[in-house]
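This briefing introduces a protein chain and the ligand bound to it. Please look over the sequence and the structure before reading the points below.

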Amino acid sequence: MRELMVIDSLVSDEEALSWQERSLCAQTDPEAFFPEKGGSTREAKKVCIGCEVRSECLEYALANDERFGIWGGLSERERRKLKKRAV
Ligand code: SF4
């Protein structure tokens, strides 16, 4: 039974992450998504606009409290604002 539960959780982890295989940023320069403080986020956001898993990506970042980088087309500050509004 315990083994089954472990397999279940592995499968759901895989499902949860499978959107990343379809992410557009995987085909581009990953550094654009983690700019230095004060650096431009424009290029990364442009890529996100055309990404088919944008909503999955944003949900993942919000659920996991990702602090750094562009996720789902939003910067860290924009995600913080979004979270505040949701409360
Ligand atoms: S939405 Fe942007 S950061 Fe998220 S997977 Fe797509 S391209 Fe990458």
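Accessible areas come from the Shrake-Rupley method with a 1.4 Å probe. In this predicted model, the accessible surface of the protein chain comes to about 7000 Å². Carbon and sulfur atoms account for 54% of that surface.

**Overall fold**

- The protein chain has four helices and zero strands.
- Read from the N terminus on, its elements follow the order α-α-α-α.
- Of the 87 residues in the protein chain, 21% are buried.
- When contacts between residues at least 6 apart in sequence are considered, 43% of them join residues at least 24 apart.

**Surroundings of the ligand**

- The ligand occupies the space of the second largest pocket.
- Two elements, α2 (42-49) and α3 (54-63), give two or more residues to the shell around the ligand.
- The residues that surround the ligand are Trp19, Ser23, Cys25, Phe33, Val47, Cys48, Cys51, Arg54, Cys57, Ile70 and Gly72.
- By type, this shell consists of eight nonpolar residues, two polar residues and one charged residue.

**Leu82 and its contacts**

- Leu82 belongs to helix α4, which covers residues 76-86.
- Leu82 has a relative accessible area of 28%, and it therefore counts as partly exposed, a class that lies between buried (under 20%) and exposed (over 50%).
- Apart from neighbours within four places in sequence, Leu82 is in contact with Leu58, Leu62 and Leu74.
- Leu82 and Leu62 are 20 residues apart along the chain, and their C-alpha atoms are separated by 9.1 Å.

Key
Residues are numbered from 1 along each chain as its sequence is written. This is a predicted model: local features need pLDDT of at least 70, side-chain atom pairs count only at pLDDT 80 or more; totals for chains, interfaces and linings use all residues. Side-chain values use heavy atoms; hydrogens and water are left out. A residue is near a molecule or strand if one of its heavy atoms lies within 4 Å of it. On a 1 Å grid over the protein atoms alone, a cavity is a set of points where a 1.4 Å probe fits but cannot get out, and a pocket is an open set with protein on both sides within 12 Å along at least five of seven lines; lining residues have an atom within 4 Å of a point. A molecule sits in a cavity or pocket if more than half of its atoms lie within 2 Å of its grid points. Ala, Val, Leu, Ile, Met, Phe, Trp, Tyr, Cys and Pro count as nonpolar, Asp, Glu, Lys and Arg as charged, and the others, Gly among them, as polar. Buried means under 20% relative accessible area, exposed over 50%, partly exposed in between (1.4 Å probe, protein chains only). Contact means heavy atoms within 4.5 Å.
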